[in-house]
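Student: I am new to this structure and would like a close look at a single part of it. Please take me through the largest nonpolar core.

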Amino acid sequence: MTDSLFSCLIKDPPQCPIVVNGIEHQVPAQLSVAAALLYLGNLTIRKHPISGESRAPFCHMGVCFECLVSIDGQHKRRACLHQVTPHMCIDTAMVGVNP
């Protein structure tokens with residue numbers, strides 16, 4: 001896996017532990033969930049429910065709904081509108097929405 005485009009933006013930021021699809025990761029604490037997923041190298045975070053086309057965060061301001069994930073058990077949350085919090089559980093494999 002290559003380095004994330006986002007990894008060079010912040011030098012030695014405070015880290016926040018999050019769980020993505022059951023695997024714990026450390027990400028900069030000030031990131032949105034969408035930015036954290038991109039930081040971790042997840043360029044595709046869901047599949048379109050009808051076409052099956054890979055989708056990823058696009059607008060980063062809550063308008064496009066391309067970043068839908070499950071956050072702490074709450075389904076269809078816009079990842080760009082939520083800041084990561086310690087031990088947040090993020091699931092990108094929601095039944096009927098994501099791969």
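Tutor: A nonpolar core is a set of buried Ala, Val, Leu, Ile, Met, Phe, Trp, Tyr and Cys residues joined through side-chain atoms within 4.5 Å. Buried here means under 20% relative accessible area. The model is predicted.

Some background on the chain helps to place the core. One helix and seven strands make up its secondary structure, and from the N terminus on the order is β-β-α-β-β-β-β-β. Of its 99 residues, 37% count as buried.

The largest nonpolar core has 20 residues. Those with the most contacts inside it are I18, V33, L37, V69, V84 and I90. Two or more residues come from each of β1 (15-20), α1 (33-39), β5 (68-71) and β7 (88-91). The helix α1 gives the most, with five residues. In soluble globular proteins, nonpolar side chains tend to be buried together.

I90 shows how these parts meet. Leaving out residues up to four places away in sequence, I90 touches I18, V19, V20, N21, V33, L37, V69 and S70. Contacts across the sequence also appear in the chain as a whole: among contacts with a separation of 6 or more, 40% are between residues 24 or more positions apart.

In the segment after β7 lies T92. T92 counts as buried because its relative accessibility is 12%. T92 and R46 are 46 residues apart in sequence, while their C-alpha atoms are 6.2 Å apart in space.

As for the outside, the accessible surface of the chain comes to about 5,900 Å², and 57% of this belongs to carbon and sulfur atoms.

Conventions:
Residues are numbered from 1 along each chain as its sequence is written. This is a predicted model: local features need pLDDT of at least 70, side-chain atom pairs count only at pLDDT 80 or more; totals for chains, interfaces and linings use all residues. Side-chain values use heavy atoms; hydrogens and water are left out. Buried means under 20% relative accessible area, exposed over 50%, partly exposed in between (1.4 Å probe, protein chains only). Helices (H or I, at least four residues) and strands (E, at least two) are DSSP runs, numbered from the N terminus. Contact means heavy atoms within 4.5 Å. Accessible areas come from the Shrake-Rupley method with a 1.4 Å probe; for residues, only the protein chains shown count as cover.
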